[in-house]
Amino acid sequence: MLRQPKTASQVPVQQLQRLRKRLHDYSSGNSTLGTTVVSSGSQELDAILPGGGFLPGQLIEWLGEGDGSGASTLALQAAWQAVSLGGMLAVLDHAKFFFPPAASTLGIDLDRLLLLRSGSAQEEFWALDQLLRSPEVAATWVSLGHCDDRHFRRLQLSAEQGGTLGCLVRSSRMLGRPSWAHLQLLVRPVPLQGLVPPGNPLRQLEITIIRCQGPGQGKQAVICLPQ
Amino acid sequence: MSTLCIWLPDWPLQYILACRPELYGRPIIIYSASRAGSRGTRVVSCCQRSCQAGIQPGTPLAEVEANWDRRGLALPAPQLVPRDSQAEHNQLQLLAEACLQFSPQASLESAADIVRPGGCQSFPQALLLHTRHLVPDSGDSQRLLRTIQDNFSARGYQVRLAHAGTPGAAWALAHYSDLSTSLPVSIPTRFVRLGRPAGAWRVPCSQTQASLDPLPVEALRISPQVSGLLHQLGIRQIGQLRQLPRQQLSLRFGPELCRQLDYALGDRQELFPCCQPSASHLHRQLLEPPLVSRQAVQQALEHLLRQLLDSLAGSNRGILQLLCRFQGERKQHEFSLMLYLPSVDPGHLSSLLRLHLEHFDLPGQVSQVEMEATMTGSLERHQQQLFSPAAGDLSSNHRPLPVSLGHLLERLCCRLEADSVIHPRLLPEAQPEHCWEPSRPSSSRRGPGRTLAPGTIRPLLLLPTPRRLSPAGSCPGEFPRHFDDNHRRYRVAHHWGPERIETGWWRKAAVRRDYYRVELVSGHRFWIYQDLYRGSWFLHGEFS
């Protein structure tokens with residue numbers, strides 16, 4: 001039986017309703033990506049994040065203030081939380097600085113970690129796109145330098161398609177540049193004050209939400225980073 | 001009739017290592033369900049490291065899982081691999097076919113219950129080649145042995161070869177000869193971890209009897225019952241056996257013993273079937289006029305791929321390794337694709353070829369293209385499990401890789417360099433530069449690996465080459481207040497340490513370092529060390 005063709009007046013109304021709903025979801029921070037919230041690995045950070053955590057398919061930009069800021073560790077910890085849902089953790093290490101034993105001390109199972117050391121920036125972008133697009137990869141961690149608007153948008157679409165959490169570690173110098181990340185977090189180390197205990201003191205980091213979809217922009221939290 | 005015997009010791013283990021080279025260096029245990037009448041799964045073959053942990057062929061798998069590493073050798077968890085006897089047999093058949101380049105007649109040994117060094121094994125693991133055109137003591141024979149040795153080494157197999165006047169003598173020498181009498185052979189270092197060393201022997205026809213005399217009676221390919229009986233009577237060597245009257249031997253031990261002795265000595269002719277080459281997985285296309293366009297070469301490859309997949313149709317086998325050769329004006333160029341899972345998916349294979357071809361330096365003019373499936377694997381279909389195995393469950397080691405992840409890895413390996421896609425593996429080493437190694441991503445889940453000692457703190461980013469620092473602002477004997485390097489000044493607010501790392505004396509340069517974690521006044525943390533030999537300071541890592 002042939003379907004009745006839609007009338008000209010019906011089509012725009014349905015399209016408009018659909019677009020209105022998407023716009024509402026976007027502005028309210030509701031998920032168009034998935035429903036399972038992934039913890040960042042820190043209760044204090046979860047408390048200020050819209051939705052109480054990250055969603056698979058999101059791109060998170062971790063802006064670290066200089067070398068040794070702790071942003072990379074925090075991002076890796078969040079990426080590993082996403083792997084608890086299943087899948088692999090991919091680490092894209094163009095600079096060949098990533099030290100897997102440190103990941104192991106954070107409780108990451110190296111059996112589920114895939115390390116990629118691409119040769120050029122072009123290959124790195126291609127590999128990142130492939131990893132974000134793959135449903136078998138739960139999260140991807142990458143230290144990302146310059147990325148133009150068009151490429152960034154492509155990464156965002158790939159992450160949404162694959163449902164992969166993309167943790168992009170970047171320098172705070174990228175602050176203010178156009179970004180397609182769903183969340184932009186600034187990470188600053190907090191210096192220890194007073195008498196410093198010997199042994200293994202916890203490290204404190206100050207996180208500021210620079211940009212997010214929905215409420216929460218400008219919120220701050222101080223978290224303890226496990227060593 | 002001179003014969004050359006090629007024995008592949010620990011064949012199930014060698015087969016697995018050839019298919020999955022990433023397993024080299026890990027303890028491997030191959031198990032299979034026991035025969036009817038006995039319970040449980042048992043170990044069929046295991047590597048040298050597993051033997052050190054007290055594992056032997058025949059050990060129940062449950063015992064392995066319960067008692068692994070009770071000797072305190074700090075070995076990583078073993079890789080438990082189920083035995084695929086059909087795939088092993090197919091691969092041995094392929095090797096026999098490959099040996100047709102050395103001899104017009106090659107075959108697998110018969111798979112009767114015979115005693116080999118290491119126990120009674122009823123599956124074939126040796127090849128026999130008729131070499132009637134070659135006398136064993138000629139120079140050609142030695143060259144042939146060397147060529148075969150190199151050929152098998154290149155394929156990833158370790159072999160023991162013997163060339164003798166009869167099939168029985170060649171078999172006996174290959175299995176039971178003493179290594180001190182072997183011809184010089186070059187063995188790749190990775191084979192050292194296998195249990196039985198390689199070797200090559202050749203015995204002139206006139207010396208067959210003399211060479212067999214010192215060998216144990218098991219070298220006659222007799223059943224364990226007959227050899228046990230001979231041992232009870234104190235007959236251990238073939239020389240002792242040969243001095244006994246034949247008629248009485250036959251009466252006491254049955255006809256088998258005399259028949260095998262006759263085969264070995266050449267008193268009776270032994271016949272064995274010759275293998276027939278199966279359908280070739282090599283396809284080629286002549287290009288006239290020669291192609292210069294990359295796109296045209298790609299089309300030619302896709303045409304050959306379709307032919308290759310047609311030849312594989314119905315065999316229930318998929319491509320594991322694909323070799324492509326291009327004939328240029330002066331020389332041949334080639335590349336190979338290694339897959340994680342056997343595939344007959346034309347779209348996937350075609351996309352891999354395209355990815356690889358993008359970065360491959362083609363000759364200016366291609367006059368011929370060849371494509372060969374150099375390794376194939378059975379297309380397995382696994383039953384989906386209702387409950388996923390618990391993490392760390394040893395029995396889950398053979399869980400197959402999801403197809404989509406396998407495809408992703410293959411795409412990444414094709415576009416990037418193959419060694420750019422890695423699984424890190426921790427090593428029992430203290431020096432940061434040597435405490436982990438990259439390994440090829442496995443086609444299955446590995447067991448729980450080594451972990452660092454609790455309380456160990458390491459930076460997430462490690463500089464490939466430590467950067468020299470200039471300390472300043474401190475009295476002698478005090479920790480420096482700040483460090484300078486070419487780019488910046490590090491003002492130290494706090495430091496923790498030292499952690500002494502003194503190791504590597506067996507390498508060219510031993511290290512003696514005191515590592516410190518330092519926090520700068522800004523809160524940033526780094527990992528630095530003082531070289532105790534020279535007193536210099538270096539930045540080695542960032543707690544980034």
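Which element of chain A has the lowest mean pLDDT, and which the highest? Helix H1 of chain A, residues 10–28, sits at the bottom with a mean of 67, while strand E2 of chain A, residues 88–92, comes out on top with 93.

## How far to trust it

Keep in mind that what you're looking at is a predicted model. For the whole complex, the scores are ipTM 0.83 and pTM 0.61. Chain A averages a pLDDT of 83, with 85% of its residues scoring at least 70. For chain B the mean is 80, and 86% of the residues reach 70 or more.

There's one stretch of chain B to read with care: over residues 388–400 the pLDDT stays under 50. The model still gives that stretch 24 contacts beyond four places in sequence.

## Helix H3 and the core around it

Helix H3 of chain A covers residues 71–83, which makes 13 residues. From first C-alpha to last it reaches 19 Å, close to the 18 Å expected at 1.5 Å a residue. How many of the residues of H3(A) are buried? The count is 13 of 13, so this helix is mostly covered, a residue being buried if 20 or more other C-beta atoms lie within 10 Å of its own.

That fits with where H3(A) turns up next. The largest nonpolar core in the model has 111 residues, and H3(A) gives the most to this core, with nine residues. Among the residues with the most contacts inside the core are Ile60(A), Trp62(A), Ala75(A), Ala79(A) and Cys167(A). In soluble globular proteins, nonpolar side chains tend to be buried together.

Cys167(A) is a handy place to start exploring. Leaving out residues up to four places away in sequence, Cys167(A) touches Ile60(A), Trp62(A), Ala75(A), Ala78(A), Ala79(A), Ala139(A), Thr140(A) and Trp141(A). Apart from this core lies another, of 69 residues, including Cys99(B), Val115(B), Ala126(B) and Leu145(B).

## Where the chains meet

Now for the interface. On the chain A side, 44 residues are in contact with 46 residues of chain B. The elements of chain A that give two or more residues to that side are H3, helix H4 (100–105), strand E3 (113–116), helix H5 (121–133) and strand E6 (183–190). The largest share, five residues, comes from H4(A). By type, the chain A side divides into 22 nonpolar, 15 polar and seven charged residues.

The two chains also share some strand pairing. E3(A) is joined by two bridges to strand E15 of chain B, residues 421–426, and the two run antiparallel. Within that pairing, Leu116(A) stands opposite Val421(B) in E15(B). You've got another reason to look at Leu116(A): it is listed with the residues that have the most contacts inside the 111-residue core.

## A tour of chain B

Chain B has 544 residues, 36% of which count as buried. Its secondary structure comes to 14 helices and 22 strands. Of the contacts in chain B with a separation of 6 or more, 62% are between residues 24 or more positions apart.

Strand E17 of chain B, residues 461–472, has two partners worth finding on screen. With strand E22 (residues 537–542) of chain B, E17(B) pairs in the antiparallel sense over five bridges; there, Leu462(B) stands opposite Gly541(B). With strand E18 (residues 482–484) of chain B, E17(B) shares three bridges, again antiparallel, and Ala472(B) stands opposite His482(B).

## Odd spots in the backbone

Two residues that aren't glycine have a positive phi of about 60°: Lys96(A) and Arg221(B). Lys96(A) is in the loop between E2 and H4 of chain A. Arg221(B) is also in a loop, between helix H7 (208–212) and helix H8 (224–232) of chain B.

Buried or exposed: which is Lys96(A), and which is Arg221(B)? Lys96(A) counts as exposed because it has 12 C-beta neighbours inside 10 Å. Arg221(B) is buried because 21 other C-beta atoms lie within 10 Å.

Check out Pro289(B) too, in strand E11 (residues 282–291) of chain B. The peptide bond leading from Glu288(B) to Pro289(B) is cis, with omega near 0°.

How values were computed: Residues numbered from 1 in each chain as written. Chains lettered and ligands numbered in written order. pLDDT = per-residue confidence, 0-100. Helix = DSSP H or I, 4+ residues; strand = E, 2+ residues; numbered from the N terminus. Expected span 1.5 Å × (residues − 1). Contact = placed C-beta atoms within 7 Å. Nonpolar A, V, L, I, M, F, W, Y, C, P; charged D, E, K, R; others polar. Pairing = 2+ DSSP bridges. Core = buried A, V, L, I, M, F, W, Y, C linked by C-beta atoms within 7 Å.
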